[in-house]
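Hi everyone, thanks for making time this morning. Please have a look at the model on the screen, and then I'll walk you through what I found.

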Amino acid sequence: MKILVCMKHVPDMESKFKIAADGRWYDGGDLAWRINEYDEYAVEQAVRLKEQLGNSDITVLSIGPERVKEAMKKALAMGCDRGVHVLDDRPSDRDAMAIATIIAAFARGRNFDCIFTGMQSQDRGSGQVGILVGEMLGLPAVSTIVDFSCNGDNRYTVKRELEGGVRAVVEVRGPALFTCQLGLNTPRYPTLPNIMKAKKKELLTVPVTELAGTGNVQDTVQLFFPEKKGGGLLLEGEIPELADKLIAILKEKTTVLA
Amino acid sequence: MIFELTEEQNLIRDMVRQFAETEVAPSARIRDEEERFDRALMFDRLSELGLTGIVFPEEYGGGGADYISYAIAVEELSRVCASTGVTLSAHLSLGANPIYLFGNEGQKQQFLAPLARGEKMGAFGLTEPAAGTDAGGTKTTAVKDGDSWVLNGTKIFITNAGEAETYVVFARTDKNAQKHHGISAFIVEKGTPGFSFGKKEAKMGIRSSPTMELVFENCRIPASQLLGEEGQGFKIAMKTLDGGRIGIASQALGIAQGALEAAVNYARERKQFESPISRFQGVQFQLADMATQIEASRLLVYSAAFKASNGISYSQASAMAKLMASETAMRVTTQAVQIFGGYGYTREFPVERMMRDAKITEIYEGTSEVQRMVIGSALTR
C-alpha cells in the first residue's frame, strides 16, 4: 500500500507572536518550530496502518523553507519511509487552495492508496487543505477523524467528530483521504535508534516551481490581535437554574458529559 | 568553529524533553519524598527509547550516537529529575563504558550488549570507607584461586546498587605492589553467591536514586570476569571517571537549567509592591548571572563531549566541565530558592529539591577539589 502524509511546520504555540512588518502574517524570525500537532496524528496513523498491513511505503510531504527538513526527519524517525520536501521560502504567502494545488500536483499519478493530513494547521487553521486535495484528486475525503480502522481490502471504518460531542461512523472504500483530529491516537516518540536510522532515509527536495499550479483565490489582508474582552462568562440566577445552564453549556461546547 | 547542534542532536533533545516533561516530571517530587526508585519509569522506559546505550556501537546493542547526544539526554532528564539523570549516567558511563573500553570481545557480547539494550542495569564499585578520593587506598581484595577470583571487602555509596544487575568492581590483587599498581577491575553479577547489599543510604538529595553498600564475602567469580589486565584497575577507574564526569556535568547542567526556568517563571508571576518581581533590576541581575553561568557551563560540557566523541584527549576538559557545571548548579539553585523566598524553602515548589540535588554534583565522581587537582596538575606538569 502506498501512503502519503502531509505535514506542516508551525510555530510552537507557546511562542510570543508578533505581527510581521507587512501586517499580513506573523513574524517568523525568533520562533521555535514544530510539526503541526494534527499532522503528528496523521503521521502516527500512517505508521500504524503500515504496521497493521506490512508491505507498505509511507511518503511524508512538507512545503516550506530549509528548516522544515528537521521536522520531516522527526516524521521519518517515527516511521515514515521517505520524505519529499517542496522547497518554498514563503509558504505563508499561499492560501489553502494554492497549497492544495501543489500537494495534488505531486500526488497525481503516483497512485497513493491512502492519504492522511491534519484536520487543520495550528497557525492558519483554515481546515481546507486536506479536503481540497481530496477533491482535486477525485478521492473521497473524510474530515476530523477520531478513530480509524482498516478492514483490509482497501475498506476503512472511521469515526468523525461532529459538533456538540456527536460522532459519526463512516465507511469508505479506498483510495481515500482522511484529515486527523485530536484524540485519534497518541503519537509515538521517535526513539534514538530510529532517529539514527532516519538519517539514511531518502529526503528529496523539489523546487515549488515544479509543482505550482493556480495562485491564491483569497488573500489575507490584515492580521491582528483581537481586543481583550472581560474574562469568561458569568452565569446568574438560582442554583438549580445555574446547574442546568452549566450542564447545557458543557454538553454543547465540550465532550465531558458526552 | 560552529556552535550549533546537528539535526539529530536537536531531535534527540526534543524527544527526551517531551518524555521527561510528560512522564518523568509528574512523579519527581513524590519519588524524592518517598525515596523511591521507579525502575519501570527511570530505566525501562529509557531502554525503550534507546537511551541506555546511546554512545555504544550498534553491534553491541548501542545507539551509535555521539557524546553530545548523551550529554543532552542526561541534561534533559536532570532538568526535571536529577535522580533519573544520574541513573542513566551511572549505568552508561560507569557501569557499561569500562566494559566497552577495556572488555574483550566475549565480555562485550556477554555483558555490554545487555547493558546497552537496557535489559540489564549497570553500576560501578570503587569507593570504600577508607578509599574515596584516594582510590589507591582500596582495601577490597581479590585472590586468584584456580580458575576463579575470590573477592572480599565492602564498597560504599554505590549509585544504582541493589537495582543494577552488572557491577564493575575494583579490588586489590597484589598486596606488595605500590598502591596504585596492585588494583584490578572485575565484572560481578547480582546474584553471585557471596555478593550482597548492605545498608541503603538516607541522603540529602537525589533521593529517588538508590545508593547502597556492596558486600563481598568469599564471592567467587570466573577468571574470565577480570576486566582488562591484572593490575590495570587504577587506570580503568581513572579513564572511566573521565567519561563519567561528562555525565555528572550534564546532570548538574540540567539541574541548573531547571532551576533557572522555575525562577524566571516565578519571578514573572510573583507580585510585590504591585509589580511582578521580574521587573526589579535586582532580580533581573540575579537571573542574568544564573543564565550566563549556565550557558558557559553548557559550552564546556558540550566541548568535553565533542572531544570524547572525536578521539581527542578530554580528561582536563571533562574535569573543567564538571567543576564549572556542578558549582554553577549549586549557586544557581541556591539563588533560585532565594528568588522564590519563603515559598522556595517549602517542599511545595521544586527549587528546594533542586538545591539538595545539586550538592552531590560537587562531590561524586571526583569532588570539586579533585577536579582542580586534575586541571592543576595538567597545567604544571
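Take the contacts in chain A between residues at least 6 apart in sequence: 71% of them join residues at least 24 apart. Here two residues are in contact if their C-beta atoms, placed from the backbone, lie within 7 Å. I should say right away that this is a predicted model, where local features need pLDDT of at least 70, side-chain atom pairs count only at pLDDT 80 or more, and totals for chains, interfaces and linings use all residues. Residues are numbered from 1 along each chain as its sequence is written, while chains are lettered from A and ligands numbered from 1 in the order in which they are written.

What does chain A contain in helices and strands? It has six helices and 11 strands; these are DSSP runs numbered from the N terminus, helices being H or I with at least four residues and strands E with at least two. Its radius of gyration is 20 Å, close to the 18 Å from the globule rule for 258 residues, so chain A is as compact as a globular protein of that length. That radius is taken over C-alpha atoms, and the rule is 2.2 Å times the number of residues to the power 0.38. Along the principal axes, the C-alpha atoms of chain A fill a box of roughly 65 × 50 × 40 Å.

Now, burial. A residue is buried if 20 or more other C-beta atoms lie within 10 Å of its own, exposed if 12 or fewer, and partly exposed in between, with C-beta atoms placed from the backbone. In chain A, 38% of the 258 residues count as buried.

Let's compare some pieces of chain A. Helix α2 (residues 68-78) is mostly covered, with nine of its 11 residues buried, including Val68(A), Met72(A) and Leu76(A). Just after α2(A) comes Gly79(A), whose phi is positive, near 135 degrees. Helix α6 (residues 239-253) of chain A is hardly covered: the count of buried residues among its 15 is zero. The ends of α6(A) are 21 Å apart, C-alpha to C-alpha, which agrees with the 21 Å expected at 1.5 Å a residue; the expected span is 1.5 Å times one less than the number of residues.

Strand β11 (residues 203-207) of chain A lies largely in the open, because zero of its five residues are buried. Five bridges join β11(A) to strand β5 (residues 82-87) of chain A, and the two run parallel; strands pair if DSSP finds at least two bridges between them. One bridge partner to look for is Pro207(A) in β11(A), opposite Leu87(A).

On to chain B, with 10 helices and 10 strands. Buried residues make up 55% of its 381 residues. The radius of gyration of chain B is 21 Å, which agrees with the value near 21 Å for a compact globule with 381 residues.

Which helices does α9 of chain B pack against? Its buried residues pack against α1 (7-34), α4 (82-102), α6 (233-269) and α8 (315-340) of chain B. Helix α9 (residues 351-361) of chain B is mostly covered, with nine of its 11 residues buried.

Finally, where the chains meet, 15 residues of chain B are in contact with 12 residues of chain A. On the chain B side, those residues divide into eight nonpolar, five polar and two charged. Ala, Val, Leu, Ile, Met, Phe, Trp, Tyr, Cys and Pro count as nonpolar, Asp, Glu, Lys and Arg as charged, and the others, Gly among them, as polar.
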